[in-house]
Amino acid sequence: MVSIQSRYTVFPSETTPNETLFSLCEQIKLRTHAPLLYVFKPHPRHDASTFVNALRHSLSQALTIYYPVAGRLRWIQGGRWELHCNAKGAQLLEAICKDVTLDDLDDFVPTHLVSQLIPNIDYDVPIEDTPLLVAQLTRFPCGGVTIGVALCRGAIDGIATMRFMNTWAKLARGENMETAPCHDRNVLNSYKAHSGLHDHSEFHPPPPWLGPLGKDSKVAVAIVKLTGEQVKKLKHKGNSGSGSQRYSTFEVISGHLWRCVSKARYAGKREQPTRLSTLVNCRHRMKPPLPEDYAGNTAFPTVTTSSFGEIMQRPLSYAVGNVRAALERVTGEFVESALDHIDREKDMNLIRYNFHYPAPSVHKGAYKGNPNLFVVSWMNFSFKDADFGWGEPVYFGPGYMDSEGKAFLLNDANGDGIIVAISLEASHMDAFKRIFYRDIEQESLISKL
């Protein structure tokens with residue numbers, strides 16, 4: 001069990017702008033917090049019991065640079081929110097885990113004890129009182145530590161989160177920051193333009209589950225790993241029959257996941273529609289591009305829809321090609337149109353429900369089944385730069401998952417292979433894991449014939 005020892009409120013080290021930020025992109029996000037887990041082995045020259053002091057001091061400095069993270073969201077009309085940069089501060093928790101060592105946590109599957117390494121956020125309090133950032137330092141008997149971070153999805157995206165974390169780490173090492181990020185949300189809002197070329201199906205209701213509900217609708221979480229050789233096998237098969245197309249690692253693994261999840265869920269209805277969703281960082285897709293250091297949210301959703309029958313019966317390249325088409329759809333013009341669509345929407349809660357179902361934060365009723373998959377790439381996150389003076393993290397990944405049908409793709413810490421963290425109905429998980437590896441070998445054998 002993890003026991004919280006101390007709670008600190010950390011404020012910016014200097015006076016920061018008292019301003020209000022409004023982003024159209026951030027309206028489609030959730031008020032919940034993304035759970036990041038960093039794991040550090042024991043350090044021979046540092047005392048874990050005093051590490052929290054270095055983190056507090058450097059976090060205060062980081063909040064001066066990334067001052068919106070020290071603010072709060074507040075509701076405005078139409079279910080929208082704005083970010084009030086009021087310097088109310090972030091929270092830093094200090095905890096200990098007496099019962100286990102880091103080695104006992106195995107692959108850091110984000111359930112049970114591992115989820116206790118992430119700060120627990122109380123969403124029953126008003127949104128204006130909910131910190132955007134809560135971090136937790138947990139010390140282990142072996143001398144190792146973890147830093148669990150909860151950062152509000154409605155205020156910052158993954159790319160900006162990595163830059164914030166690496167800035168915090170750099171300051172903790174005693175280094176200085178040379179440039180400040182761009183916090184002006186109007187930089188992205190200004191691209192808004194009306195276009196009749198896009199229907200934005202990503203904001204439409206997702207396909208419903210047509211079959212009977214499983215015996216166990218509880219969510220199970222698993223970590224599955226792909227070696228570098230297995231990734232090569234999948235990419236070889238995914239690119240077979242695609243002509244001059246050469247699909248990326250993300251596209252091929254996403255297509256493979258989509259097929260495997262569909263097979264694991266299959267209940268006799270080949271016509272069952274299924275949607276794969278993902279997010280695209282649009283900083284470089286705009287014309288002109290957004291500033292590289294833009295610190296708001298630029299992750300726009302895109303989707304592709306098929307059926308269980310099509311996904312299961314047709315070759316891997318079919319699913320992978322659909323993923324590629326969904327990603328290519330997100331051009332600068334597409335984002336301009338999406339911003340206009342969001343601006344015209346009267347009920348933001350409906351958009352959030354349609355894209356994020358069945359996340360518990362948007363769906364409060366009985367679980368109705370889910371034929372869809374949401375794949376998020378953390379593959380390009382520079383997590384090894386998060387050295388807080390304790391050395392590089394030996395593991396980075398999601399520390400908590402509770403939404404059925406979601407998967408995170410991460411680079412293996414050793415640089416060889418891919419890690420997939422996935423949450424599915426418990427009744428489907430064993431079948432998924434069996435199919436996931438079986439199909440890799442079958443695809444490899446077929447490609448050699």
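What is the mean pLDDT of the protein chain, and what percentage of its residues reach 70 or more? In this predicted model, the mean pLDDT of the protein chain is 93, and 97% of its residues reach 70 or more.

**Figure 1. A stretch of low confidence, residues 444-449.** Over residues 444-449, pLDDT stays under 50. For this stretch the model has three contacts beyond four places in sequence. Where pLDDT is low, the predicted coordinates should not be read in detail.

**Figure 2. Strand E8 (residues 145-152) and its surroundings.** Eight of the eight residues of E8 are buried, so the strand is largely enclosed by the rest of the structure. In a regular strand the side chains alternate between the two faces of the sheet. In E8, Val-145, Ile-147, Val-149 and Leu-151 point one way, while Thr-146, Gly-148, Ala-150 and Cys-152 point the other way. The residues of both groups are all buried.

**Figure 3. The pairing partners of strand E8.** Strand E3 (residues 33-40) pairs with E8 in the antiparallel sense, over eight bridges. Within this pairing, Phe-40 has Val-145 of E8 as its bridge partner. Strand E7 (residues 133-139) also pairs with E8 in the antiparallel sense, over seven bridges. Here Gln-136 stands opposite Gly-148 in E8. E7 and E8 form a hairpin with five residues between the strands, and in this hairpin Gly-143 takes a positive phi near 100°.

**Figure 4. Arg-139 in strand E7.** Arg-139 has its place in strand E7. Leaving aside residues up to four places away in sequence, Arg-139 touches Ala-48, Ser-49, Glu-94, Ala-95, Ile-96, Cys-97, Gly-144 and Val-145. Of these, Val-145 belongs to the group of E8 residues that point one way with Ile-147, Val-149 and Leu-151. Arg-139 and Glu-336 are 197 residues apart along the chain, and their C-alpha atoms are separated by 46 Å.

**Figure 5. Two cysteines without a disulfide.** A disulfide is a covalent bond between the sulfur atoms of two cysteines. A search of the whole structure finds zero disulfides. Why does Cys-142 form no bond with Cys-97? The sulfur of Cys-142 lies 9.2 Å from the closest cysteine sulfur, that of Cys-97, and this is too far for a bond. For Cys-152, the closest cysteine sulfur is in Cys-85, at 13 Å, which is likewise too far for a bond. Is Cys-152 buried or exposed? Cys-152 counts as buried, at 2% relative accessibility, whereas Cys-142 is partly exposed, with a relative accessible area of 32%.

**Figure 6. Trp-75, Trp-81 and Arg-352.** A search of the whole structure finds 17 aromatic pairs. One of them is the tilted pair of Trp-75 and Trp-81, with 5.4 Å centre to centre and 45° between the planes. Trp-75 is partly exposed, with a relative accessible area of 39%, but Trp-81 is buried, with a relative accessible area of 2%. The charged end of Arg-352 sits over the ring of Trp-81, 4.2 Å from its centre.

**Figure 7. The aromatic pair of Phe-108 and Tyr-395.** The ring centres of Phe-108 and Tyr-395 are 4.9 Å apart and the planes lie at 20°, so the pair is stacked. Phe-108 lies in the loop between strand E6 (90-97) and helix H2 (112-115), and Tyr-395 lies in strand E13 (residues 395-398), so the pair ties together parts that are 287 residues apart in sequence. Phe-108 counts as buried at 8% relative accessibility, and Tyr-395 counts as buried at 8%.

**Figure 8. An aromatic cluster.** Tyr-38, Trp-378, Phe-381, Phe-383, Phe-396 and Phe-408 form one aromatic cluster.

**Figure 9. An open sheet of three strands.** The strands of this sheet have the order E2-E5-E4, with antiparallel pairing. Strand E2 (20-21) and strand E4 (72-75) are the edge strands, each pairing on one side only. E2 and strand E5 (residues 81-84) run antiparallel and are joined by two bridges. In E5, Leu-83 is the bridge partner of Leu-21.

**Figure 10. Arg-329 between two helices.** Arg-329 lies in the loop between helix H8 (316-328) and helix H9 (332-344). Arg-329 is partly exposed, with a relative accessible area of 35%. Not counting residues up to four places away in sequence, Arg-329 touches Thr-302, Val-303 and Phe-334. The C-alpha atoms of Arg-329 and Leu-73 are separated by 31 Å, and these residues are 256 residues apart along the chain.

Terms used
Residues numbered from 1 in each chain as written. Predicted model: local features only at pLDDT ≥ 70, side-chain atom pairs only at ≥ 80, totals over all residues. Heavy atoms only, no water. Buried < 20%, exposed > 50% of the residue type's maximum accessible area, 1.4 Å probe, protein only. Helix = DSSP H or I, 4+ residues; strand = E, 2+ residues; numbered from the N terminus. Pairing = 2+ DSSP bridges. pLDDT = per-residue confidence, 0-100. Contact = heavy atoms within 4.5 Å. Disulfide = S-S within 2.5 Å. Phe/Tyr/Trp six-rings, centres within 6.5 Å; stacked < 30°, edge-to-face > 60°. Lys NZ or Arg CZ within 6 Å of the ring centre and 35° of its normal.
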